[in-house]
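Trainee: I have the model open. Can we go through the sheets, then the interface?

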Number of protein chains: 2
Amino acid sequence: MILCDIGNTATKFLIDKNIKNYYKKDKIPKLKDDIFYISVNEKATKKLLKKNPHAINLANFINFETSYIGLGVDRVVACSFQENVIIIDAGSAITVDIMENSKHIGGFILLGLNSFLKSYENISKRLKISKSDFEKNINLDKIPLFTKDAILYALIKSIILPIIEICKDKNIIFTGGDGEFLSQFFENSIYKKDLIFENMKRIIDANNSPS
Amino acid sequence: MILCDIGNTATKFLIDKNIKNYYKKDKIPKLKDDIFYISVNEKATKKLLKKNPHAINLANFINFETSYIGLGVDRVVACSFQENVIIIDAGSAITVDIMENSKHIGGFILLGLNSFLKSYENISKRLKISKSDFEKNINLDKIPLFTKDAILYALIKSIILPIIEICKDKNIIFTGGDGEFLSQFFENSIYKKDLIFENMKRIIDANNSPS
């Protein structure tokens, strides 16, 4: 069984415990095994189905309670089986979803780290900083005195303060490419790299089990 | 006397109390009067000087105390003559500068509203919202239940929370294209549309006065 998570920038496969990402320019392989997929990207979905018409859209097998209209299926899957927690998927966008008493009560969408960086660079070359600048310790307690610090400080604050405000005493589960990096700013957080695939498996299992 | 403020996206003239913006594609006019300019944009500066070699760079006439390395001259001018206040210039980037006892003690650089909107749109068409969506009342007290609200909420929070955190009991002076819009979120704020030009005049006056 192959799992496939089609996002805004990459199509991610889980094949035999190995994860492989395919980007816009990459060719999608023909695969013989059963494929279960979720997608927030129509174009990339068509690309998958052209080579693999047998792939099954898992979205049709999910029961999920929310008043949110148009909640992306990746967010639905990430939030499935959760009780009282904030779920944060940090990719090109950072989705923040609040689960309360096993119910999704809403959420919001921050820009992702790379989106921030690209956007600063688009304003002016002088505002360009690279992701390697994040490796160093970022001092959020001192008011910045350099352009690079002024951007790093503002960028990180723009992401973490809205999360802190909504979080209150809840725990946080991070997933997504920048989830591990961001989780360092929250004591009450864990990082689950493969949360989406894990929950896709649980949804498939729940549908296969005799009821 | 003509004043000229060369920014990242526009070259702004003050001629006879009228303000006129010139963008990348626009031709810069030949002007006979004295021109005093400040600039954070080398390319646009060259364009101005080609037609107006007599234009004078006001940056050479400013005394300003700060430990910040590489502070943009527009920020220097906006902060000049201020004592204990937060100065926020909300353009394609939003610069936030802290003045304490007439000294600049640092600052940071947030993305501007348009930069946020463009960046969301670049992630996915589904995340595109237009500036007219800001006209409606934005409810920041309710956890969003629609994609549009989820973006508006996150975008506004990403801008105002870092400002609130740094602000403490200080007053705020907003300037720049989105300054008036943003000032609505801060009770302790005023909007000064022409802060930069006003301060440029004061700097010229200070240099002309007998000492």
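Trainee: In what order do the strands of the open five-stranded sheet of chain B run?

Mentor: Keep in mind that this is a predicted model. The sheet is open and its pairing is mixed. The edge strands are S8 and S10 (189–191) of chain B, each pairing on one side only. From one strand to the next, the twist averages 20°. The order in chain B is S8-S7-S6-S9-S10.

Trainee: Which residue is the bridge partner of B:Phe174 in S10(B)?

Mentor: Start with the strands. Strand S9 of chain B covers residues 171–175 and pairs with S10(B). The sense is parallel, over three bridges. In S10(B), the partner of B:Phe174 is B:Tyr191.

Trainee: Why is one side of S8 and of S10 in chain A left without a neighbour in the sheet?

Mentor: Chain A has an open sheet of five strands, in the order S8-S7-S6-S9-S10, with mixed pairing. Strand S8 (103–111) and strand S10 (189–191) of chain A stand at its edges, so one side of each has no neighbour in the sheet. The reason is that each has a single partner strand.

Trainee: Which residue of S10(A) is the bridge partner of A:Phe174?

Mentor: Strand S9 (residues 171–175) of chain A runs parallel to S10(A). Three bridges join the two. For A:Phe174, the partner in S10(A) is A:Tyr191.

Trainee: Which residue in the turn between S2(B) and S3(B) has a positive phi?

Mentor: Strand S2 (residues 10–15) and strand S3 (residues 18–23) of chain B run antiparallel, joined by six bridges. B:Leu14 stands opposite B:Ile19 in S3(B). The two strands form a hairpin with two residues between them. The turn residue with a positive phi, about 50°, is B:Asp16.

Trainee: How many residues apart in sequence are the parts that A:Arg75 and A:Asp97 tie together?

Mentor: The two residues form a salt bridge, with the closest N and O atoms 2.8 Å apart. A:Arg75 lies in helix H2 (residues 73–79) of chain A, and A:Asp97 in strand S7 (residues 93–100) of chain A. So the pair ties together parts whose separation in sequence is 22 residues.

Trainee: Now the interface. Which three residues of chain B supply 17% of the area that chain B buries against chain A?

Mentor: In contact are 39 residues of chain B and 39 residues of chain A. The area buried between the chains is about 3500 Å², and carbon and sulfur atoms give 64% of it. No other three residues of chain B supply more than B:Ile109, B:Ile123 and B:Leu145.

Trainee: Which residue forms a salt bridge with A:Glu165?

Mentor: The rule finds two salt bridges across the interface of chain B and chain A. In one of them, the closest N and O atoms are 2.7 Å apart. The partner of A:Glu165 is B:Lys157.

Trainee: Which element gives the most to the side of chain B that touches chain A?

Mentor: Across the interface, 17 residue pairs are in polar contact. Strand S7 (93–100), strand S8 (103–111), helix H3 (113–123) and helix H4 (147–167) of chain B each supply at least two residues of that side. By class, the side has 25 nonpolar, eleven polar and three charged residues. The element that gives the most, with eleven residues, is H4(B).

Trainee: At what angle to S8(B) does helix H3 of chain A run?

Mentor: Helix H3 of chain A covers residues 113–123. The helix lies across S7 and S8 of chain B. Its angle to S8(B) is about 110°.

How values were computed: Residues numbered from 1 in each chain as written. Chains lettered and ligands numbered in written order. Predicted model: local features only at pLDDT ≥ 70, side-chain atom pairs only at ≥ 80, totals over all residues. Heavy atoms only, no water. Contact = heavy atoms within 4.5 Å. Buried area = accessible area lost by both parts, 1.4 Å probe. Salt bridge = Lys/Arg side-chain N within 4 Å of Asp/Glu carboxyl O. Polar contact = N/O pair within 3.5 Å; in protein donor to acceptor, adjacent residues only side chain to side chain. Helix = DSSP H or I, 4+ residues; strand = E, 2+ residues; numbered from the N terminus. Nonpolar A, V, L, I, M, F, W, Y, C, P; charged D, E, K, R; others polar. Pairing = 2+ DSSP bridges. Axes fitted to C-alpha atoms, helices over the stretch in contact; angles between N-to-C directions.
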